[in-house]
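Subject: A structure to look through

Dear colleague,

I am passing on a structure that I have been reading through, and I would be glad if you opened it before going on to my notes. Please keep it beside you as you read, so that you can find each residue as it comes up.

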Amino acid sequence: MRSKINWDILLSNKVHKKGFIDALLSGKAIGKLAAFNSLKGILFSDMAIEKFLEREDQYDIMEAAREKNRKLRTFSSGERKKEFLKYCLSLKPDYIILDNPLDHLDQASRKTLTESFEKLSESIPLIQLVNRSADLLPFLSNKAMITDNSFELQDIQETTIEKAPLESSRIPKPASTIEYSEGILVQMKNITIDYFDKPIINSLNWTIKKGEFWQLIGPNGSGKSTILSMITGENPKGYGQDLLLFGIQKGSGESIWDIKKNVGYFSTAMTDLFQKNHSLENMILSGFFDSIGLYVEPTTLQKNIVNDWLDLIQMSHLKNKKFHQLSIGQQRVALIIRAVLKHPPLVILDEPVEGLDDENVHLVTQLINLLTKETDMTLIFVSHRIEPSLAPNLVYELIPSENGSIGVIKD
């Protein structure tokens, strides 16, 4: 019976996922999924959890973990998803839609939640939606793929991603050079951080040098975001610490812009900053001015550089299209271009492939490999996943303990 009611669906990034989910939940599914139209479903997703957190904060209530007398926000990412799953079940739905349920989780949390799904699949229908073929779950027997907005189920095909390689000789030069000649970009010595007497980081040492390619890993709650905010100079906990940022001792009178001018930063949350009528070209051009929106007339040189980048990533034909109308993969690549536009000494890419399908992961990792090969920019790639197509030459791992996470360089 289980094999007849559970579905594992691989979605292309070309699919309007929200529209598909809305169709399911409103009883307008087609084909084999029409069997769910008379049933009551519930959505389990990062977005659903975020909306739930906002409601808890707005009304100062505790809904998901009343027995523990805690708000959902107080849990780690993995525990938060477990508690929200319990809450979803308490509403007694007829089926649950799992939207990329393992995204942003460390390996231990992924394993625990997957075991919960396997047990749950024996008693309630599950419809899992994923973008990566590697995330398909073996115990969900009905498998299909959706490639367009017809929302029609198709058999999953073994496909080879064929995309013309990006040409290394065509990486555009910056409009001007950011002057930084030292070999060491960031140096942390015995960094210790706590919040409200809770230890987060314990005696951490990390030296980041010019031209290196790092991957930063560590379980949820280990302090990765805290460390990144130290590197960008935004964390006030950096004052009084032995922290050297681009040749400047933290707290020696520097401004935040003295630090930030040396850093190109990407995170998935940046996508939400460009939801107005910014064209793709103007969104990237705004990176020259570190602004959200283009309020200064760019020079001819700056326009030519952006056009060269668009040509490199084969998106020149989209230059006048609204950024928010692009596919998620196209948006990610464009935001990475915006981050590296000025060839900053250090580029931080915070989970750049989460939520991408296999084709777009290929495009993003191709671009990252090209940057590491053809420029002297230092890259920090943050991800729980080990991407087979990426080869960081250095891995820094945060290992939690009762006294705060320690940092270890892995071989």
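The notes below go through two helix pairs and then through several single residues. Please bear in mind throughout that this is a predicted model.

Helix pairs

Two packed helices are described by the angle between their axes and the distance between those axes. For the first pair, α4 (77-90) and α5 (107-120), the axes come within 9 Å and cross at roughly 15 degrees. Since an angle under 35 degrees counts as roughly parallel, α4 and α5 are therefore roughly parallel to each other. The crossing in which α4 passes α5 is right-handed. On the α4 side the contact is made by G78, K81, K82, L85 and L89, while α5 contributes S109, T112, L113, S116, F117 and L120. Sorted by class, this contact of α4 with α5 has 5 nonpolar, 4 polar and 2 charged residues.

The second pair is made of helix α10 (residues 328-340) and helix α11 (residues 358-374), whose axes come within 9 Å and cross at roughly 15 degrees. By the reasoning that an angle under 35 degrees is called roughly parallel, α10 and α11 are therefore roughly parallel to each other. Here α10 passes α11 in a right-handed crossing. The residues that make the contact are G329, Q330, R332, V333, I336, I337 and V340 of α10, together with N360, L363, V364, L367 and L371 of α11. By class, the contact of α10 with α11 has 8 nonpolar, 3 polar and 1 charged residues.

A buried glutamate in a loop

E354 is found in the loop between β12 (346-350) and α11. Because buried means under 20% relative accessible area, E354 counts as buried, its value being 4%. Its side chain reaches the backbone nitrogen of H104 at 3.2 Å. If residues up to four places away in sequence are not counted, E354 touches D103, H104, R332 and R385; R332 is also one of the residues through which α10 makes its contact with α11.

Two residues with positive phi

Most residues other than glycine have a negative phi, so it is worth pausing at two residues. K92, in the loop between α4 and β3 (95-99), has a positive phi of about 55 degrees although it is not a glycine. N100, in the loop between β3 and α5, also has a positive phi, near 40 degrees, and is likewise a residue other than glycine. Which of the words buried and exposed fits K92, and which fits N100? K92 counts as exposed, at 65% relative accessibility, whereas N100 is buried, with a relative accessible area of 8%.

Two further residues

Q187 lies in strand β6 (residues 184-195). The C-alpha atoms of Q187 and D242 are separated by 8.1 Å, although these residues are 55 residues apart along the chain. Leaving aside neighbours within four places in sequence, Q187 is in contact with W206, T207, D242, L243 and L244.

T226, finally, belongs to helix α6 (residues 224-231) and is buried, with a relative accessible area of 13%. Not counting residues up to four places away in sequence, T226 touches I193, Y195, I200 and N235.

With best wishes

Key
Residues numbered from 1 in each chain as written. Predicted model: local features only at pLDDT ≥ 70, side-chain atom pairs only at ≥ 80, totals over all residues. Heavy atoms only, no water. Axes fitted to C-alpha atoms, helices over the stretch in contact; angles between N-to-C directions. Helix = DSSP H or I, 4+ residues; strand = E, 2+ residues; numbered from the N terminus. Parallel < 35°, antiparallel > 145°, perpendicular 65-115°, else oblique. Left-handed = near helix turned anticlockwise from the far one by under 90°. Contact = heavy atoms within 4.5 Å. Nonpolar A, V, L, I, M, F, W, Y, C, P; charged D, E, K, R; others polar. Buried < 20%, exposed > 50% of the residue type's maximum accessible area, 1.4 Å probe, protein only. Polar contact = N/O pair within 3.5 Å; in protein donor to acceptor, adjacent residues only side chain to side chain.
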